[in-house]
Amino acid sequence: VVGLKLLKDNDVIRLTFNRSKHVNDNILEFEFGVVCQALCTNTSVTHLLISNVAFTTNSMQALVEMLLFNTSIESLILSHTLFDADQMAALASGLQGNSTLQELALENTTFQQHNNATTVDDLLIHALNPNITSLGLSSNQIDSKCAETIADCLKTNTTLKTLELWDNQIGDDGALSIWQAMALNSTLEVLSVKKNGISEVLERKLMRQVQSNRSKQEQVQVQHLPPKKSNKKQSGVHTNNSLLEKRVASLEQAHKEQVKCIADLQTKLLNQSELFEKLGNVFSPGVSTTATAPKKRKKRKT
């Protein structure tokens, strides 16, 4: 209940569910179910790591429901987990119905030990759905048959950019299938195939194809760059000239209004001066209102 409240109320970004050696499997199944139930409606958790979990039918069903209803988790890592063929099929259906995962890692999960090859193929196909951009399948004992399934998906996939396949059992046959598929794939930019028993010749061919894809993507990015700054500056110059012309016209108009205002004030002052002169003649007749300068006294000669 506490875990349910924390996941619903707090802005948790990364969540790790790690099985302790001292926890009873029944308790673990209950706790895992509570966490998955909370994640069905949680909108803040974006990264989920589940490790050291031996899935049961109920716990896998809880995970599948979470994948179907959650809308925020972008990264899911299942590390050192165990599940049988039925649980693997359930996980495949959960991945098929999910539309938010962008990064998926299934590490240290043995695919080869399951006899039902169709189930493994379904899981790999849905793990390479159009939303996934990064897929990790390291240390899973993936053989050449599984590599062929991956190769078939790569032929039509246009979103996957990173594929981690190190520490498996692909061999030259599986590597050849992937290399042939890469001729039809132009989006995969990172490929890790170390520790797979692949010859150096085939490994170099794979790396060259990946490098070619990376160069193609860089060219596409350059083509979608915004216009050059020089063009922006030129358009900016025309805009500034137009604004300057408007400003000059506005200043000229203001200057004309100021000149007119000064002329009006001068006219008013002149009228007032004439009025004062008339008033002086009325109240002091015969007395000139014109002021005369005082005469200078002559200095006596000594």
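Lysine 205 lies over the face of tryptophan 179, at 4.8 Å from the ring centre; a charge is said to sit over a ring if NZ of Lys or CZ of Arg is within 6 Å of the ring centre and within 35 degrees of the ring normal. This is a predicted model, in which local features need pLDDT of at least 70 and side-chain atom pairs count only at pLDDT 80 or more, while totals for chains, interfaces and linings use all residues. Residues are numbered from 1 along each chain as its sequence is written, and side-chain values use heavy atoms, with hydrogens and water left out.

The protein has nine helices and seven strands, where helices (H or I, at least four residues) and strands (E, at least two) are DSSP runs numbered from the N terminus. Of its 302 residues, 36% count as buried; here buried means under 20% relative accessible area, exposed means over 50%, and partly exposed lies in between, with a 1.4 Å probe and protein chains only. Among the contacts with a separation of 6 or more, 83% come from residues 24 or more positions apart, a contact being heavy atoms within 4.5 Å.

The largest nonpolar core (buried Ala, Val, Leu, Ile, Met, Phe, Trp, Tyr and Cys residues joined through side-chain atoms within 4.5 Å) holds 60 residues, of which Ile50, Leu91 and Leu165 touch the most other members. Not counting residues up to four places away in sequence, isoleucine 50 touches several residues, including Phe17, Phe32, Phe55 and Leu63.

Two of these phenylalanines also take part in ring pairing. A search of the whole structure finds two aromatic pairs, and rings of Phe, Tyr and Trp (its six-membered ring) pair if their centres lie within 6.5 Å, with planes under 30 degrees apart counted as stacked, over 60 as edge-to-face and the rest as tilted. The rings of phenylalanine 32 and phenylalanine 55 have centres 5.7 Å apart and planes at 80°, so this pair is edge-to-face. The pair links distant parts of the chain, 23 residues apart, with phenylalanine 32 in helix H2 (residues 25-41) and phenylalanine 55 in the loop between strand E2 (47-51) and H3. Both phenylalanine 32 and phenylalanine 55 are buried, and ring pairs link Phe32, Phe55 and Phe83 into a cluster.

Helix H4 (residues 85-97) has 13 residues and reaches 19 Å from its first C-alpha to its last, close to the 18 Å expected at 1.5 Å a residue, the expected span being 1.5 Å times one less than the number of residues. Its buried residues, among them Met88, Leu91 and Leu95, pack against helix H3 (57-69), strand E3 (75-79), strand E4 (103-107) and helix H5 (117-127). At the N-terminal end, aspartate 84 caps H4, with a side-chain oxygen 3.2 Å from the backbone nitrogen of aspartate 86.

Most residues other than glycine have a negative phi. The table sets out two residues with a positive value.

| Residue | Phi | Loop | Relative accessible area |
|---|---|---|---|
| Aspartate 167 | near 60° | between strand E6 (162-164) and helix H7 (171-182) | 28%, partly exposed |
| Lysine 195 | near 60° | between strand E7 (190-192) and helix H8 (200-223) | 59%, exposed |

Glutamine 37, found in helix H2, counts as exposed at 52% relative accessibility. Glutamine 37 and phenylalanine 69 are 32 residues apart in sequence, and their C-alpha atoms are 9.6 Å apart in space.

Note on methods. A polar contact is a pair of N or O atoms within 3.5 Å; within protein, one must be able to donate a hydrogen and the other to accept it, and residues adjacent in sequence count only if both atoms are side-chain atoms.
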